[in-house]
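Here is a short briefing on one protein chain. Look over the sequence and the fold before reading on.

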Amino acid sequence: MMKLYSYFRSSASYRVRIALALKGLDADILPINLLKGEQKSDDYLAINPQGLIPSLQVDDTVLSQSLAIMEYLEEVDNTVPLLPSDPVARASVRAMSQLIACEVHPLNNLRVLQYLTGELGVDDTTKVTWYAHWIHQGFASLEAMLTQHAGQFCYGDIPTMADCCLIPQVYNAKRFNVDLSNYPTIMRIYEHCNSLPAFIQAQPENQIDHQ
């Protein structure tokens, strides 16, 4: 069985948990507590030299980076596809996924926020302002893209990789009390997804390391 090194509130881990649940694939969840620095331990660095999560262990191989892991899952199990069959549609889904995972999330993840408040001495109010700025910049662009592509989900009426990326990012934005009222399509998709069993299964509150 596959093993997923995860943290219940990690956006990147959350993406992969959604993908696994949508595909009906089982993986043992091995919690890595980011707040305790377990990702920097020698044992974990031997598994993933980046010291990041998620990592997916498949037999003797460890895969890293959430988008790469989801692409791997798509290649080995296409019974429930997370990418459309049409090349242009696939590119559109990947573009939305990368907007979230490569442009918004890296500026707002835990190690960046810790660097702001630690080494740079930024106060909490400024940290939250920073966080909200990048959410608004990314979500404004995404909302415009969704007006072209969305149905019940980010692309049409079947969940894709873009939904796997979007739901965790909205979850975290809500944790930081970001006003999301300007993004009605994003929020409609968020509410719809969170009514479905696969998305509920992947939620942070339903993980074994939820605190």
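Over residues 1–81, how much of the chain is helix and how much is strand? Helix takes 37% and strand 22% of that stretch. This is a predicted model.

**The annotated stretch**
- UniProt, in an unreviewed entry, places the feature "domain: GST N-terminal" at residues 1–81.
- The end C-alpha atoms of residues 1–81 lie 21 Å apart.

**Secondary structure**
- The protein has 9 helices and 4 strands.
- Read from the N terminus, the order of elements is β-α-β-α-β-β-α-α-α-α-α-α-α.
- The order thus opens with a strand and closes with a run of helices.

**Overall dimensions**
- The radius of gyration of the protein is 17 Å.
- That value agrees with a compact globule, because 211 residues in such a globule would give a radius near 17 Å.
- The C-alpha trace spans about 45 × 45 × 30 Å along its principal axes.

**Packing and contacts**
- Of the 211 residues, 49% count as buried; the cut-off is under 20% relative accessible area.
- Take the contacts with a separation of 6 or more: 67% of them join residues 24 or more positions apart.

**Surface and charge**
- The accessible surface of the protein is about 10200 Å².
- Carbon and sulfur atoms account for 52% of that surface.
- The protein carries 14 positive and 23 negative charges.
- The mean positions of the two sets of charges are 3 Å apart.

How values were computed:
Residues are numbered from 1 along each chain as its sequence is written. This is a predicted model: local features need pLDDT of at least 70, side-chain atom pairs count only at pLDDT 80 or more; totals for chains, interfaces and linings use all residues. Side-chain values use heavy atoms; hydrogens and water are left out. Helices (H or I, at least four residues) and strands (E, at least two) are DSSP runs, numbered from the N terminus. The radius of gyration is taken over C-alpha atoms; the globule rule is 2.2 Å times the number of residues to the power 0.38. Buried means under 20% relative accessible area, exposed over 50%, partly exposed in between (1.4 Å probe, protein chains only). Contact means heavy atoms within 4.5 Å. Accessible areas come from the Shrake-Rupley method with a 1.4 Å probe; for residues, only the protein chains shown count as cover. Lys and Arg count as positive and Asp and Glu as negative; His and the chain ends are not counted. The place of a charge is taken as NZ of Lys, CZ of Arg, CG of Asp or CD of Glu. UniProt positions are given in the numbering used here, feature names are shortened, and annotations may be inferred rather than shown by experiment.
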